Each structure stands twice: as structure tokens, then as C-alpha cells.
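Welcome! Please take a moment to look over the sequence and the 3D view before reading on.

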Amino acid sequence: MKNENVDVLIIGAGPSGSVAAAYLHKQGFRIKVVEKNQFPRFVIGESLIPRCMDHFEAVGLLPCLEAKGFEIKGGARFMNDKGVVCNFDFSEKHGEGWDWTWQVPRADFDVTLTDELQKWGVDIDFQKEVVEVDFADDGHSTTTIKDAEGTLSTISARFIIDSSGWGRVLPRLLDLDKPSEIPEHATIFTHVKDVKRPKGEEGTLITFDIIDTDTWLWVIPFSNGDCSIGYVGTIEYLESFEGTPTEKLQQMMRLSTYYRDRFEGLEYRFEPKTIKSYSASVKQLYGKGFALTGNSAEFLDPVFSSGVTFAAESAHLSAQLIARQLKGEPVDWQTSYTDYIMYGVNVFSTYVKEWYTGNLQKIFFHSTVNKGIKAQICAVLAGYVWDRTNPFVKNHDRLVKTVAHIADMEMERAMGD
């Protein structure tokens with residue numbers, strides 16, 4: 001059986017694996033990326049948030065992405081069934097940081113990253129599946145790989161980064177999965193040729209159209225003329241619609257008074273896909289000889305588009321720590337990695353949970369929301385969830401509830417008057 005020796009094996013070639021590979025390659029390490037699929041391939045997660053731009057820039061991947069002309073995302077629009085609209089402009093957020101990012105067809109976005117890495121000389125093997133991993137006491141590993149023909153080979157590595165996303169390779173093989181605390185939901189989605197797209201800014205805006213507390217529609221226009229549309233709701237609610245996936249989504253699109261006409265009668269690019277109970281968590285983010293990044297570690301909920309940002313954040317940080325460790329420097333993985341990443345995860349988790357309790361929606365759609373509060377919440381939505389100068393980061397666990405309660409009292413007073 002063929003065996004290959006590397007410093008770092010990266011499982012998965014999506015944004016997380018690409019960021020880690022870019023950093024470690026530039027540091028001069030022998031790396032190998034193995035990816036189960038052939039790129040380009042379809043994947044969900046098409047709305048980015050500004051924080052991820054810091055990492056693409058830091059590892060040298062920003063120029064190849066800029067050259068693609070993806071749709072600029074300067075904020076996000078939320079609207080409810082009462083016709084109230086809440087716009088967030090990233091340029092008006094609290095603190096420093098990027099004030100824009102992109103809305104991207106992920107097949108194009110991800111293959112742009114891997115094409116660029118291969119130009120640099122990064123070794124990426126597509127259609128290679130990890131079937132077994134054995135760790136020695138010192139953290140060195142031997143990973144068994146199966147190719148498309150079923151041929152097995154092994155890779156010996158000093159460290160493994162699991163960026164396998166939904167594949168969750170090491171959590172599955174090492175029994176690291178644990179239930180998520182995020183409420184269980186499901187999603188149904190597809191792409192359409194957006195032939196009725198309005199001209200100007202209206203046609204470019206990413207929008208979250210709220211049907212009720214648990215149910216919302218996303219609309220993500222792309223620069224290529226297509227648009228991603230999808231619903232999120234409870235599993236029971238999505239299963240209450242009858243018919244084929246296409247018929248189900250067509251029925252649901254008619255729930256949106258704002259978007260019904262724009263998408264009525266359009267042919268779907270592919271049969272709508274459904275994902276259930278997508279939130280995920282793990283018992284640990286690292287171990288002797290490995291680190292989990294991106295969706296392999298934690299996935300919350302698509303409502304605030306945090307997926308790619310956590311992928312890039314964890315990949316860049318873990319790669320830096322691995323580089324230090326392989327150079328003989330001591331690394332406190334608990335403090336420098338787990339505690340740091342989980343701080344941001346916990347902040348975002350609060351906002352996801354409070355979205356589904358309805359508290360955050362009360363704040364969004366409150367007519368007299370304070371501009372300072374809105375700027376601080378906007379910074380969270382932009383992904384700057386490690387900035388403790390922001391009260392809505394530092395005190396996330398109580399401020400959302402407090403402000404929602406104040407909004408309730410003001411509403412009651414207004415109704416009483």
C-alpha cells in the first residue's frame with residue numbers, strides 16, 4: 001500500500017481547508033489536502049459576513065476572489081409579515097473591520113480558492129475519502145484514504161486539520177459528536193434564474209423575509225443572474241407541505257407577499273434540496289495531533305450567515321498554532337484555540353437562540369431602536385464577535401433579553417396611550 005509523509009494533512013478543501021492550506025504552505029510546511037468530492041461542487045452557505053474577509057486577505061486569497069466579480073454584500077435586510085423593514089448597513093457598525101463582503105455561488109467560490117492554491121503548488125487530491133485514522137501517543141497519525149476506484153493508500157502526518165464540513169470526519173471516527181443546543185430546524189432551497197430581478201440596489205439585496213418566529217425565507221441574488229432562495233422552519237412545519245420538493249417550495253414561496261410575484265412561475269435550477277437538524281456540536285475542538293475547524297467543529301444556524309466566517313477564523317487560528325507547535329514552541333490549545341473559538345460561538349449562539357425566542361426580532365422591528373444599539377448589533381452580524389469593546393458582545397447573554405424587554409414595555413405604553 002502506498003504511503004505518503006507530510007507535516008500536515010488537511011481533510012476538506014472548502015474555505016476552511018483552503019485558508020489553513022494557504023497559511024501553512026506559505027510557512028513552508030509539507031501539506032496535503034484530501035477532498036471527498038470533485039470541484040466544482042454544489043454546497044450551501046452562500047451569504048458571507050465581513051469578518052471572513054480578514055482571513056482571506058491575511059493568507060493571500062483575496063485577490064483571486066476579487067477577480068471573480070461576486071455580488072457585493074454591504075449589509076442585510078430583514079422584513080416581517082407586517083411590512084416592517086430593518087436594514088443593517090455594515091459601514092455603520094460598531095468598531096473597526098470590513099464593511100462589505102460577498103454573496104457567492106459556493107461552487108464558483110470554492111473552486112476559485114482551490115484553483116489558486118494549486119497554482120501555488122499546494123497538493124490537493126480530489127475524490128479521496130478518509131476511511132480510517134490511527135493516532136500514535138505523540139500525535140503522529142496514519143490516515144487511510146480510498147480513491148474513486150476503491151484503491152487504498154495511507155498518509156502519515158505530524159498533525160491533522162479536519163475541515164471536512166458536513167462530512168465531520170474526525171468527529172464521526174473518534175466519537176466526538178454531541179447534541180447541539182440550537183433548536184432543531186430544517187431547510188429547503190434551490191437556485192433560480194432571477195429573470196424578474198428589479199434593477200438597481202433592490203435587485204442585489206440579500207433579504208430575510210420573516211413569515212413567523214420560526215419560519216423565514218432567504219433571498220440571495222448572485223452577480224451571475226441567478227438567485228438562491230430557501231426556507232427555514234421547524235421540521236414539522238416543512239413536512240406539513242405536500243407534494244414533490246419543487247411543489248413544496250412553490251407553495252412556500254407564495255407565503256411571501258413581498259417576493260411572491262418575483263419568483264412565481266420560474267423554473268428551479270435543480271430539484272430543491274432539504275436538510276434537517278443541521279446544527280452540530282462536538283465534545284472537543286482539538287486533541288493530540290488534530291484540530292477541528294469550521295462545520296467539523298460547530299455549526300449553528302444559517303440565519304446570520306456565520307458558517308464561512310467560523311470556518312475561516314478557526315482554520316487561520318489553528319494553522320498558526322500548528323505552525324508554532326511544529327517549530328517546537330509550546331502551545332496552550334485550550335486557551336488559545338478552544339476558549340477563543342468558543343467565545344465567538346457562544347456569542348453567536350445567543351443571537352441565534354434569541355432570534356427563535358422572538359426577542360431579537362422584537363429589537364430588529366422596534367420602531368425606535370437606538371442607533372448605538374443597532375450599530376453594536378450590526379457588528380455582531382458582521383462577524384466581529386470577539387470584539388469585547390462591543391457591549392452586545394461582552395454582555396451578549398443578558399443585553400438582548402434586556403433590550404427586548406424594554407421594547408415590549410414601550411410597545412405596551414404606546415398601545416395604552
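Here is a short tour, from the overall fold to one hairpin.

## The whole chain

Keep in mind that this is a predicted model. Its secondary structure amounts to 14 helices and 19 strands. The radius of gyration is 22 Å, close to the 22 Å that the globule rule gives for 417 residues, so the chain is as compact as a globular protein of that length. Along its principal axes, the C-alpha trace spans about 75 × 45 × 40 Å.

## Inside and outside

How much of the chain is buried? Of the 417 residues, 56% count as buried. Contacts across the sequence fit into this picture too: among those with a separation of 6 or more, 72% are between residues 24 or more positions apart.

On the outside, the chain exposes about 17600 Å², and 48% of that comes from carbon and sulfur atoms. As for charge, there are 44 positive and 59 negative side chains, with the centres of the two sets 2 Å apart.

## A closer look at one hairpin

Now find strand S4 (residues 75–79) and strand S5, which run antiparallel and are joined by five bridges. One of the pairings links phenylalanine 78 with its bridge partner in S5, cysteine 86. Five residues lie between the strands of this hairpin, where glycine 83 takes a positive phi near 85 degrees.

In a regular strand, side chains alternate between the two faces of the sheet. Strand S5 (residues 85–89) has Cys86 and Phe88 on its covered face, while Val85, Asn87 and Asp89 make up the uncovered one. Cysteine 86 thus appears twice: as the bridge partner of phenylalanine 78, and on the covered face of S5.

Methods. Residues are numbered from 1 along each chain as its sequence is written. This is a predicted model: local features need pLDDT of at least 70, side-chain atom pairs count only at pLDDT 80 or more; totals for chains, interfaces and linings use all residues. Side-chain values use heavy atoms; hydrogens and water are left out. Helices (H or I, at least four residues) and strands (E, at least two) are DSSP runs, numbered from the N terminus. The radius of gyration is taken over C-alpha atoms; the globule rule is 2.2 Å times the number of residues to the power 0.38. Buried means under 20% relative accessible area, exposed over 50%, partly exposed in between (1.4 Å probe, protein chains only). Contact means heavy atoms within 4.5 Å. Accessible areas come from the Shrake-Rupley method with a 1.4 Å probe; for residues, only the protein chains shown count as cover. Lys and Arg count as positive and Asp and Glu as negative; His and the chain ends are not counted. The place of a charge is taken as NZ of Lys, CZ of Arg, CG of Asp or CD of Glu. Two strands pair if DSSP finds at least two bridges between them.
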